[in-house]
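This report walks through one chain, from ring pairs to strands to helices. Sequence and structure follow.

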Amino acid sequence: MKTTLTIEQSAELIKRGVSEKRATSSVWSPSENAYIHPTFTLADLLSLLPKTINSGRYYLDLSYGFGDWTASYILWDDCDEGTYIRDTQGEKTADELVDALYKLLLWAIDHNHVKLD
């Protein structure tokens with residue numbers, strides 16, 4: 001199970017305004033004069049993603065099925081027959097949970113759901 005983003009994925013987050021100080025891991029690159037690249041972990045991404053969006057109506061949801069992880073925000077609806085998902089926003093899928101969270105974080109940044117440092 002992959003738990004850390006690649007150097008390139010981490011660089012993209014930093015380029016979009018996420019502070020490299022939020023990355024709790026690093027990768028040493030001997031090809032770049034021993035440069036240490038900050039890299040984001042699964043825990044880092046979970047701490048960056050808001051737990052709710054749109055005035056708390058949509059909740060962060062993570063699920064696994066059919067060989068893929070899905071990360072999205074869902075709106076629950078209650079009715080006489082039980083609770084069901086009424087709407088989904090930002091749904092992203094990937095083989096690895098960390099990659100689905102990365103895609104959702106990019107979406108959340110682009111849609112102004114994440115307050116950056």
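Rings of Phe, Tyr and Trp pair if their centres lie within 6.5 Å, with the six-membered ring standing for Trp. Planes under 30 degrees apart count as stacked, over 60 as edge-to-face, and the rest as tilted. The model examined here is predicted.

**Aromatic residues**

By this rule, the count is two aromatic pairs. Y64 and W69 make up an aromatic pair, with 5.1 Å from centre to centre and 55° between the planes. That angle is neither under 30 degrees nor over 60, and the pair is tilted. W69 has 22% relative accessibility and counts as partly exposed, because the buried class requires under 20%.

W76 is another tryptophan to look at, and it lies in strand β5. Is W76 buried, partly exposed or exposed? With 43% relative accessibility, W76 counts as partly exposed. Leaving out residues up to four places away in sequence, W76 touches Y59, T83, Y84 and I85. The C-alpha atoms of W76 and R86 are 5.5 Å apart, while the two residues are ten apart along the chain.

**The sheet**

In general, strands of a sheet pair through backbone hydrogen bonds, either parallel or antiparallel. Here an open sheet is formed by four strands, in the order β3-β4-β5-β6. The pairing is antiparallel. β3 (52-53) and β6 are the edge strands, and each pairs on one side only.

The table lists the strand pairs with their bridges.

| Strand pair | Sense | Bridges | A residue and its partner |
|---|---|---|---|
| β3 and β4 | antiparallel | two | T52 opposite Y59 in β4 |
| β4 and β5 | antiparallel | seven | L60 with Y73 in β5 |
| β5 and β6 | antiparallel | ten | T70 with T93 in β6 |

Strand β4 covers residues 58-65 and strand β5 covers residues 68-79. Strand β6 takes in residues 82-94. How many residues lie between β4 and β5 in their hairpin? There are two. F66 sits in that turn and has a positive phi of about 55°.

Y59 appears twice in this picture. Y59 of β4 stands opposite T52, and Y59 is also among the residues that W76 touches.

**The helices**

Two packed helices are described by the angle between their axes and the distance between the axes. Helix α1 spans residues 7-15 and helix α3 spans residues 97-110. Their axes come within 11 Å and cross at roughly 20°. Angles under 35 degrees count as roughly parallel, so α1 and α3 are roughly parallel to each other. Their crossing is left-handed. On the α1 side, Q9, E12 and L13 make the contact. On the α3 side, D99, Y102, L105, L106 and I109 do so.

How does α3 meet the sheet, and at what angle to β6? α3 lies across β3, β4, β5 and β6, and runs at about 95° to β6.

**The loop after α1**

G17 is placed in the loop between α1 and β1 (25-29). At 32% relative accessibility, G17 counts as partly exposed, because that class lies between the 20% and 50% limits. G17 and I109 are 92 residues apart along the chain, yet their C-alpha atoms are separated by 8.8 Å. I109 is also one of the α3 residues in the contact with α1.

Terms used. Residues numbered from 1 in each chain as written. Predicted model: local features only at pLDDT ≥ 70, side-chain atom pairs only at ≥ 80, totals over all residues. Heavy atoms only, no water. Pairing = 2+ DSSP bridges. Buried < 20%, exposed > 50% of the residue type's maximum accessible area, 1.4 Å probe, protein only. Contact = heavy atoms within 4.5 Å. Axes fitted to C-alpha atoms, helices over the stretch in contact; angles between N-to-C directions. Parallel < 35°, antiparallel > 145°, perpendicular 65-115°, else oblique. Left-handed = near helix turned anticlockwise from the far one by under 90°.
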